[in-house]
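Please open the model in your viewer and keep the selection tool at hand, since each stop on this tour begins with something to pick out.

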Amino acid sequence: MQKIFKEPKAQRLILIVLAILGWFALTIQFYLNINSKVAPFSEILIRYFSYFTILTNLLAAFYCTSQLLPSRFTLYFSNSKRITAIAVYILIVGLVYNVILRFLWHPQGLQMIVDELLHSVIPSLFLAYWLLFVKKDTLEWRDFLTWLWYPMAYLAWVLIRGSFSGFYPYPFLNKTQLGTTAVLWNSFGVALLFVIFSLLFIGIGKTRKNSTQSN
């Protein structure tokens, strides 16, 4: 548990920045959602936790906090495979938003700031943290199969609830407007993205491991 306090200052600084930005953005986004009053409080609450962006940034913020404030979760999240999975998830958050979703709406003011934090700043910082500080020598090719459970469980939840409530957090998952076939193809495309980047991250780890061993 005390190991965290012996880590390089740069690593600890990035963790602090990520934790502060993460909890700030998540809190403000929650406030904005509640203040919108587009639905009853209970529905807004459910919708807030229906976004992959929110859930993944929560995961990243919780990880950073656990490393800064030692607890029983510190060692659990210190596992390089779990950290790498989070890095893959939050990178996908940034990629999907900036490539597909950014041009579908134009947030202003505080919403724009939160948007940039959740979809650009935090994913970029977390990726830098992973590249610079996370040990990768234990990563195995089969790990990507384990990492897929989270996005697949999320997809199942969104589609099942959407079929009852009519609410889909992302337009490419809107079965009502696009139809089942299109949504399945879109889901397959996103799942493939997770597989590709999971294997890429594992490949980076193995390359560095082989490089270290050769030296």
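Select F167 to begin, and keep in mind that what you are looking at is a predicted model. F167 has a relative accessibility of 14%, and because buried means under 20%, F167 counts as buried. Now add Y51 to the selection: at 25% relative accessibility, Y51 counts as partly exposed.

With both side chains shown, which arrangement do the rings of Y51 and F167 form? They make an edge-to-face aromatic pair, with 6.1 Å from centre to centre and 70° between the planes. If you follow the chain from one partner to the other, you will find Y51 in the loop between α2 and α3 and F167 in the loop between α8 (149-165) and α9 (175-178), so that the pair links distant parts of the chain, 116 residues apart.

Next, select F52 and F194, whose ring centres are 5.7 Å apart and whose planes stand at 75°, so this pair too is edge-to-face. F52 belongs to helix α3 and F194 to helix α10 (residues 180-214), so the contact ties together parts that are 142 residues apart in sequence. Both F52 and F194 are buried. Extend the selection to Y89, W149, Y150 and Y154, and you will have the cluster that ring pairs build together with F52 and F194. Across the model, the count of aromatic pairs comes to 17.

Stay with helix α3 and colour its residues by burial. Twelve of the 17 residues of α3 are buried, which leaves the helix mostly covered; among the buried ones are I54, N57, A61, C64 and L68. The end C-alpha atoms of α3 are 24 Å apart, which agrees with the 24 Å that its 17 residues should span at 1.5 Å a residue.

For the next stop, display the largest pocket, which holds about 590 Å³ of space. Which residues lie nearest its centre? They are Q29, Y51, W105, D115 and P169, out of 23 residues that line this pocket, and Y51 is the residue you selected earlier for its pairing with F167. Colouring the lining by type will show 15 nonpolar, six polar and two charged residues. To see where the walls come from, select α1 (9-36), α2 (41-48), α3 (52-68), α5 (80-101) and α6 (109-133), each of which supplies at least two residues of the lining.

Finally, select W130 and K136, where K136 lies over the face of the W130 ring, at 4.6 Å from the ring centre.

Terms used:
Residues numbered from 1 in each chain as written. Predicted model: local features only at pLDDT ≥ 70, side-chain atom pairs only at ≥ 80, totals over all residues. Heavy atoms only, no water. 1 Å grid on protein atoms, 1.4 Å probe; cavity = no way out; pocket = protein on both sides within 12 Å on 5 of 7 lines; lining within 4 Å. Points joined across faces, edges and corners; volume = space filled by probe spheres on them. Helix = DSSP H or I, 4+ residues; strand = E, 2+ residues; numbered from the N terminus. Nonpolar A, V, L, I, M, F, W, Y, C, P; charged D, E, K, R; others polar. Phe/Tyr/Trp six-rings, centres within 6.5 Å; stacked < 30°, edge-to-face > 60°. Buried < 20%, exposed > 50% of the residue type's maximum accessible area, 1.4 Å probe, protein only. Lys NZ or Arg CZ within 6 Å of the ring centre and 35° of its normal. Expected span 1.5 Å × (residues − 1).
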